Amino acid sequence: MPTSAPNAMVEPLLKISGLSAGYGKIGVLNGIDLTVGAGEIVALLGPNGAGKSTLLKAISGLLPRTGTVIFGGRDMSKAGPREAVNAGLVHVVEGHRVFTQLSVHDNIMLAGYGMRGAELAARVEEALAFFPEIAEKRNDRAVTLSGGQQQMLAVAQGLVRKPRLLMLDEPSAGLSPVLVDRVLAAAAQLRDAGTAVLLVEQLIEKALKLADRVYALARGSIVLEARTNEDDLPNRLEHAYFGQDVSAPLAS
Amino acid sequence: MTDTAASAPARAGATSWLGKLEGKLSWILLGLAGLALPLLDDNYIGVIAQRAYIYWILSAGLNLVVGYAGQIAIGWVSMLTLGAYTTAALAAGRVGTEWHPYLALAAGGVMGAVFGVIVGLPALRLRTFYFAMTTLGFATIVTQVALAWKDVTGGGVGTPGPTFPWPFEPGWGFYYFCFILAALATWMTANIGSSRYGRALVAIRDTEVAAEASGIAKPKLLMMVFLLAGALGGVAGGLFASLQSYITPDAFTFEMSVLFFIAILIGGRGSILGPVLGTIILTALPEFAAPLVQWSTFLYAVLLLAIVLLVPGGIADMLDFKNRRPLTQHREIVPRTELLKRALDRTDGKHSIVLKDIALHFGGVRAIDGLDLEIRSGEVHGLIGPNGSGKTTTLNVISGYYKPKTGTMKLDGADMPFDQPHARASYRIARTFQTPRIVGAASVLENVMIGGTVHGQATFTEAMLSLPRNRRDEKLLRQAAMQALATVGLESLADVRADRLQHSELRFIEIARALMLRPAFLMLDEPAAGLSTEEIKRLGALIKAISREGAGVLLVEHHADLIFDICDRVTVLNLGKELAAGTPAEIRAHREVVSAYLGA
Amino acid sequence: MLQSIISYGLAVGAVYALIGITYNVMFSASRVFSFTAGMLGMLGGVLGALFINKWGMNAVLGFVLVLGCGAVLGLVTEILTVRPVLKSIEQHLYVLSTLAFALMIQQVTAIEYGTEAYPFPVLIPIDANSMLGIVDQKFWLPVLACIVTIAGLEFLYRRTLIGRAFLAIAEDSYAARALGLPETRLRLASYALAGIIGTLAGFTGAQMLLAFIGNQAILNFYGFVPVALGGMGSNRGAVIGGLALGIFQQAANFLVGGIFAAVAVFAVFIVVLLLRPEGLAGSAAARRV
């Protein structure tokens, strides 16, 4: 278990409180409180339909929401995705949605849209260096990549701006186990470089191995918050998943 | 109606009775004004009124196309052109012998009907803009042909319009002719609008997929409507040719189309009275505000933009005071499962749907990969699994939206076709949707009645003429819908516009709509999503009761506790395959299932 | 006869193709087909004649000013008719909002300028006996404009970051937003670009089609046919479809007469849409449920 978690939670990098969001009339999230410290990896787990992806979208401003989002000491409650990205809060959405008609290189360039030429070029190279197999295909159109390579490309896009917090939505979906490890290893590397990661993941064991802390989400509410080195975590997670103890959020 | 819920429906009944009188009153006033207008003995006003009637005859049909069915037919002036030239050319003997003017007018109507269907055909396959462009293109072409086909149309010089002999000779005779035809057009289209055909059109407009699942066959219905709208447009054209007494292609500008269109939009979609008033106002306004004439089309365009951006509901919405009264807060949904006995047919024996070896791909992704599934009467069958495991896809295969690559699907041992979603209703397979698909602009009761569309007996023509069979259909559907609403516990909201309800209420309305089929099978797609814990309990009890009354239920759900509470059998999907199947207890203990969920 | 079919057909076809591209540029950025495409084409001719003939401007200045007006109209279209509708639930209302705006402009033009067809000035003084004068400029100007536009768009999409951002938004605007691309500004830019291309079509085609308000409806329809044939969003398809349409129309005009030509084009349009709604070159539609 990694134990390099930050100890003093003086000023968390991301602090959201009372966050609610949904689609039209359907409320999905009700009053979420959550923090991520600088340089910390936090896993966000929960059964299907719990609202994990919705929560990431609400944080990055892709979905309208109510409640407060404080990032890096700044109130970003009203900010859209563009402001979030510029502030260093980057969201890699689920389903490796890269631009299939553009080359690998151009896909990564676009993630740094607005940055200056020389700096952008250098950052693109750095991002590509994380994933040699897509670096090889830099001039191929993204449509020729496999699903796993597209996912790496999506993560590489997220790295271009050297975010302070990277939110990854199911980066392992559709990847072979080897590739999953590669993608998750990149997340660990990032943490070592000081980037915090908020990770939504289906592969719980892998997520727990990597993360410092974990939140479990069920039915739009946080039902569990714990450090990953606490005892009895798997059992408590299972309870949270299958809804036996939903009404009483387990302490942290 | 039972006494527990008597007060609310009684109040609703009172308002609808008043509403009916209000509605009737405006029609009576309009009719009297029309009949009495000749007393003014003002020819100028008479001509304006005739033009308004003629425009309305076309707009009445177009209203069904645009206001009800939601098809953006912006070039409908072409029907006016066609009808006018057909009537004029035949009556003047430009094609063969001279026709009697009344016969020529009828021929204009037939011509309009034929081309109404031809222009309408693309609407079956094309979405909004393409269809709008088709009608616009047709209008452009018709004008070009009218200019070029000099033998028949007189080209740019034009051709004289027909003069109708007694009893509708020019002057007030012709006035009454237009008045009677306009009244007839109003009556017929209003009958359609208030019948199950009208509700079906609105359902196609607002929630096409749910309309199909309720057994509404869009092609046939739309063709009837386009035929009627074309015929009315053609007749209007014949009258227009007579009113103008001389027609050239210049007389049929695209701006007229816009006038018709705006009259309908101002009036409000899905209303008859609103568009009538809209047509009268728009026809008369430029006449009484002479300086505006030059700018009238510009103002129409500004009006169109303003309506679209500011009040998409039109006048009808603004005047809909009934639906601005606040609803009771803190409403509770209390299903009354004891009423299910009447809503469902327990006596009709055991049925089963059996899926064997179903496989389905989207692009390169295997959505379902060799699935076997059996749904039986009287059981709740749960279908669970991670996102993208193929649950909803399975449901869509059964309801006929997706055609699998391999596999068989049998209902009681006989093959069931893989496509034709609208045919599922006749097998009595009902469903709900992940996001409730409801006609927001219709009342709750009308929404539920849509579910029973296939039980109606009356034909389109019977409905148009409000013959007895149609009136009986309406009565039965209304009763059944009230009963279904009482069963799910929402009868007090029957007259409320559906878009005013809460999300959880919409979920129960979908179930009431599904019950209208007296389903042998009911498929529910995440019915508990967005519901409170208490509501989920009541939903569970309702679902269980439905199955105990003999229906086979397929339940796709994420809420594990609901699944384990009410299911008789559970199938767990993963990556499009069955991971496990059995009783809830077996599944709960199944190590692989737990790990599929926990990802260990 | 053959020569006039080809020269006239290619020239008209190039105008249709450019209007088709105008539709496409707006569609790619917003998934909206805007009825302002034909209006832009009409205005290219009318404003050109107004600036150069009536106000006596020099041709180059008039040309630049016309394209500038097109860009401004493009911006207004986006702000007034597209942006509010994209926010609303019933997004197909764009059909009506763009139509209303196009009609407003058309009516103002009709009142201020008139409904007659006016001649358009000869732009480039060329000796009819010189090399360039072999083919009348009214025929090669639209073709040249079409070639320049296609080359320019190729350069934009393949060589510049902003062009790639246009492509990204066209393919997946949600992912583009998540990446932090300035979607609204890019959409505005696309509409301005479409305004320039649309007025360019009208300006270069006006010696042939005249400065005529009636061109709006005709260009709206005949400019959309190549889009329907070539697949929405495909500029290559629009060019091929536009040129083919122009030649077919002229050939039919000469050989069997105008009535047949008009009816045949419409019939082909409907049949293609019914059999292949995604266009002859497009790919199949997405899922519904």
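Start by selecting helix H5 of chain B: 17 of its 21 residues are buried, so this helix is largely enclosed by the rest of the structure. What you have open is a predicted model, and H5(B) is a good place to find your bearings.

**Stop 1: along helix H5(B)**

Select residues 128–148 of chain B to light up the whole helix. From its first C-alpha to its last, H5(B) reaches 30 Å, close to the 30 Å expected at 1.5 Å a residue. While you look along the helix, remember that an α-helix has 3.6 residues a turn, so residues three or four places apart point the same way.

**Stop 2: where chain B touches chain C**

Keep H5(B) selected and bring chain C into view. How many residues of chain B are in contact with chain C? There are 36 of them, and they meet 34 residues of chain C. On the chain B side, at least two residues each come from H5, helix H11 (254–267) and helix H13 (296–310). H5(B) gives the most, with 14 residues. Try colouring this side of chain B by residue class: you should find 27 nonpolar, eight polar and one charged.

**Stop 3: all of chain B**

Now zoom out and select chain B as a whole. Its secondary structure comes to 24 helices and 12 strands. Along the principal axes, the C-alpha trace spans about 85 × 55 × 45 Å. The radius of gyration of chain B is 28 Å, which agrees with the value near 25 Å for a compact globule of 600 residues. Buried residues account for 53% of the chain. Among contacts in chain B with a separation of 6 or more, 76% join residues 24 or more positions apart.

Next, colour chain B by pLDDT. The average is 87, and 93% of the residues score at least 70. Residues 1–15 of chain B are a place to pause, with pLDDT below 50; this stretch has 13 contacts in the model beyond near neighbours in sequence. Where pLDDT is low, the predicted coordinates should not be read in detail.

**Stop 4: three loops in chain B**

Go to Pro167(B), in the loop between strand S1 (159–160) and helix H7 (172–194). The peptide bond leading from Trp166(B) to Pro167(B) is cis, with omega near 10 degrees.

Then jump to Gln420(B), in the loop between strand S7 (414–415) and strand S8 (429–431) of chain B. Although Gln420(B) is not a glycine, it has a positive phi of about 55 degrees. Is Gln420(B) buried or partly exposed? With 14 other C-beta atoms within 10 Å, Gln420(B) is partly exposed.

For the last loop, pick Leu575(B), between strand S11 (569–574) and strand S12 (577–582). Leu575(B) is not a glycine either, and its phi is positive, near 50 degrees. Leu575(B) counts as partly exposed, with 16 C-beta neighbours inside 10 Å.

**Stop 5: a covered strand in chain A**

Move to chain A and select strand S6, residues 89–92. Which residues lie on each face? Leu89(A) and His91(A) are on one side, Val90(A) and Val92(A) are on the other, and all are buried. Now add strand S7 (residues 165–169) of chain A, which runs parallel to S6(A) and is joined to it by four bridges. Look across from His91(A) and you will find Met167(A) in S7(A) opposite.

**Stop 6: where chain C touches chain A**

Finish by showing chains A and C together. The contact takes 14 residues from chain C and 19 residues from chain A. Helix H6 (161–171) and helix H7 (173–178) of chain C each supply at least two residues to the chain C side. H6(C) gives the most, with six residues. By class, this side of chain C has nine nonpolar, one polar and four charged residues.

Conventions: Residues are numbered from 1 along each chain as its sequence is written. Chains are lettered from A and ligands numbered from 1 in the order in which they are written. This is a predicted model: local features need pLDDT of at least 70, side-chain atom pairs count only at pLDDT 80 or more; totals for chains, interfaces and linings use all residues. The expected span of a helix is 1.5 Å times one less than its number of residues. A residue is buried if 20 or more other C-beta atoms lie within 10 Å of its own, exposed if 12 or fewer, and partly exposed in between; C-beta atoms are placed from the backbone. The radius of gyration is taken over C-alpha atoms; the globule rule is 2.2 Å times the number of residues to the power 0.38. Two residues are in contact if their C-beta atoms, placed from the backbone, lie within 7 Å. Ala, Val, Leu, Ile, Met, Phe, Trp, Tyr, Cys and Pro count as nonpolar, Asp, Glu, Lys and Arg as charged, and the others, Gly among them, as polar. Two strands pair if DSSP finds at least two bridges between them. pLDDT is the predictor's confidence in each residue, from 0 to 100.
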